[in-house]
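Student: I've got a model open and I'd like to talk through its pockets and helix packing. Can we take it one question at a time?

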Amino acid sequence: MENIGMQAAPSRGRRVALTVAMCLGIALVMLDTTIMNIALPAMQHGLGVGLGRLSWALNVYTIIVATCTIPLSRLADIYGRGRLFVVGLLLFGAGSLIAGMAPGFGVLIAGRVVSGLGASVLLPVANALGISAWVVKDRVKVVAALGLTQGGAAAVGPTVGGIVTDRLSWNWIFLVNVPIVAVALILSFFALDLKGESRIQARIDWLGSIVSMAGLFVVTFGLIESKNWGMADPRVWMCLGVGVVAVVLFVLVERHVSSPMVDLRLFRFRQFTAAALVALIAQFFYIGVLVILPTFFTAVQGRSELNAAMILLPMSLTVFAFGGFGGLAINKLGPRLLVLAGLFAVLASYVLLAIVNPASVTAMALAALVLGVGFGVIAGPINVLAASSLQGELLTASQSVISVVRQIGSVLGVSVFVSMTTRNITALPTHTPQAMTGAYIGVYRIWIPVLALCLLLALLFPRKRDYLLGQAAGSR
C-alpha cells in the first residue's frame with residue numbers, strides 16, 4: 001500500500017520537514033500532559049476554585065485522549081492521515097487559545113475539551129506519518145527523534161510550567177502552544193500532499209467505536225476518581241468491571257465486522273504486545289514520580305514552583321539524551337538488552353528515592369536523573385518496536401493502541417500514586433514535616449519488589465541477532 005499522506009517518492013527535504021512537523025505535534029500533546037501540574041496553585045488563586053474541582057482541567061483532557069484516540073486515528077486511515085493531522089493541529093491550537101484566555105473555570109474546561117480532541121488525533125497520526133514516510137531500514141533514526149520528542153516533552157513539562165508560571169502567568173502554559181501549532185501547520189502544508197494522499201476504502205466501525213469509547217471512559221473515570229473514593233471503593237471496581245465487559249464485547253465486535261476499528265492481528269505479533277506492556281509500565285512508574293515529587297517539594301518542603309522544577313531539570317535532560325540514545329542503540333544492543341537496561345534504571349531510581357535523604361537537593365535530583373535515563377532508554381525505541389515492520393492500517397493501529405496504552409499508564413500512575421500518598425497522609429497521627437516526608441517517600445519503597453519482577457519482561461523481546469534478521473526481512 002502506498003504511504004498515506006505522502007506521494008510515492010517524496011524528496012528527502014519534504015520527508016525531513018514532515019518529520020519535524022510530526023515531532024512538533026507530538027511535543028504539543030506530551031507537554032500538555034505534564035505542564036499543568038506545577039501551575040495548579042497559581043491557577044487556583046487566579047480562577048478562585050478548589051484543587052479538587054480544578055483537577056478536572058487535567059482529568060477531562062486525559063479522559064478525552066484515552067477515549068477518542070483509537071476511533072479518531074481510524075478516521076485518519078479513511079479520510080487521510082495528513083488531513084486529520086492538520087485538523088488535529090487546528091483543534092489543539094484553538095483549545096490552547098481558549099484555555100489560555102479563559103476568564104473562568106467553565107471556559108477553561110471547554111478549552112481543555114477542544115485540546116483533548118486535537119491531541120487524540122495528533123499523537124497516533126504523527127507517529128504513523130513520521131514512521132511511514134521512511135523505508136524500514138531508515139526508521140531507527142526517525143523513531144529516535146519521535147521517541148526523544150515524546151519522552152522529552154513530557155519530562156520538561158514541569159520545568160517549563162514552573163518557569164512560565166513564575167515569570168509570566170499560568171495563562172501562558174496554554175498560550176505557548178499557539179506559535180508551535182503555527183510552525184507545525186506551515187511545515188505540514190509544505191510536506192504533505194493533502195489532495196493526493198492515499199486513503200483506504202472502509203466503513204466506520206460505529207459499534208466498535210461506541211463500545212471502546214464507553215469502556216475507556218468508564219475505566220478512566222473510575223481510576224481518576226479512585227484518589228477521592230479510595231481503591232477499595234465498590235464504585236472503582238464497578239468501573240473496572242465495566243471495562244472488562246467492554247473489552248470482551250469489543251473483541252467480539254472486531255472479529256465479526258468487515259472493517260474493524262482495531263485489527264486484532266496486531267496482537268499476534270509478540271513484539272507489539274510486549275512493547276505495549278512495557279510502555280504501560282514505564283509510563284506508570286514515570287508518572288508516579290512526576291506527579292508526587294513536585295507536590296512534595298512545594299507543599300512539604302516549602303520550595304517555590306521554579307525551584308521544584310529546577311530539581312527535576314536533570315531528569316528532563318536525561319530523558320531527551322537517552323531517548324535519542326535508545327532509539328539509535330536498538331541495532332547495536334538489541335531490544336532485549338535495551339529494555340532490560342531501561343527497566344533496571346527505573347528500579348534503581350526507586351531504590352534511590354527510598355534510601356537517600358529527601359532534604360538533599362543533589363540526592364533527589366540524582367534519583368530523578370536515573371529515572372530519566374531508564375524512561376528515556378525505553379521511550380525512545382518503544383514506538384519502533386511496536387511498529388516493527390508493519391505497514392498501512394496495521395501501522396496506524398499500532399501507534400494508536402500504543403498511544404492509548406501510554407495514556408492509561410498515565411491515568412493509572414496519577415490515580416494509584418496519589419491515592420497511596422493520600423492514604424499515607426490520612427493515617428498519620430501527627431502531620432510533622434518528618435512524618436509528611438515519610439508519607440510521600442514511602443510510596444516508592446513499596447514498588448521496589450514489583451519493579452524487580454518487571455525485569456523479566458525483557459525476555460519477551462528478541463535478542464539482537466533475531467531482531468536484525470526480522471528487520472532485514474521486513475525491508476525487502
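**Pocket and helix pair**

Student: What volume does the second largest pocket have?
Tutor: Keep in mind that this is a predicted model, so the number is computed from predicted coordinates. For the second largest pocket, the volume comes out at about 770 Å³.

Student: Which helix supplies the largest share of its lining?
Tutor: The lining has 26 residues, with Leu 216, Val 247, Val 404, Val 405 and Ile 408 nearest the pocket centre. At least two lining residues come from each of α10 (206-229), α11 (234-256), α12 and α16 (392-426). The largest share is seven residues, and the helix behind it is α11.

Student: How many residues of that lining are nonpolar, and how many are charged?
Tutor: Sort the lining of the second largest pocket by residue class and four land in the polar group. The rest of the split is no charged and 22 nonpolar.

Student: α12 also packs with α14, so are they roughly parallel or roughly antiparallel?
Tutor: The axes of α12 (residues 270-300) and α14 (residues 335-355) come within 12 Å and cross at roughly 25°. Angles under 35 degrees count as roughly parallel. The pair is therefore roughly parallel.

Student: And what handedness does the crossing of α12 and α14 have?
Tutor: On the α12 side, the contact uses Val 278, Phe 285, Gly 288, Val 289 and Leu 293, and they meet Val 339, Val 346, Tyr 350 and Leu 353 of α14. Those contact residues split into eight nonpolar, one polar and no charged. As for the crossing of α12 and α14, its handedness is left-handed.

Technical notes: Residues numbered from 1 in each chain as written. Predicted model: local features only at pLDDT ≥ 70, side-chain atom pairs only at ≥ 80, totals over all residues. Heavy atoms only, no water. Axes fitted to C-alpha atoms, helices over the stretch in contact; angles between N-to-C directions. Helix = DSSP H or I, 4+ residues; strand = E, 2+ residues; numbered from the N terminus. Parallel < 35°, antiparallel > 145°, perpendicular 65-115°, else oblique. Left-handed = near helix turned anticlockwise from the far one by under 90°. Contact = heavy atoms within 4.5 Å. Nonpolar A, V, L, I, M, F, W, Y, C, P; charged D, E, K, R; others polar. 1 Å grid on protein atoms, 1.4 Å probe; cavity = no way out; pocket = protein on both sides within 12 Å on 5 of 7 lines; lining within 4 Å. Points joined across faces, edges and corners; volume = space filled by probe spheres on them.
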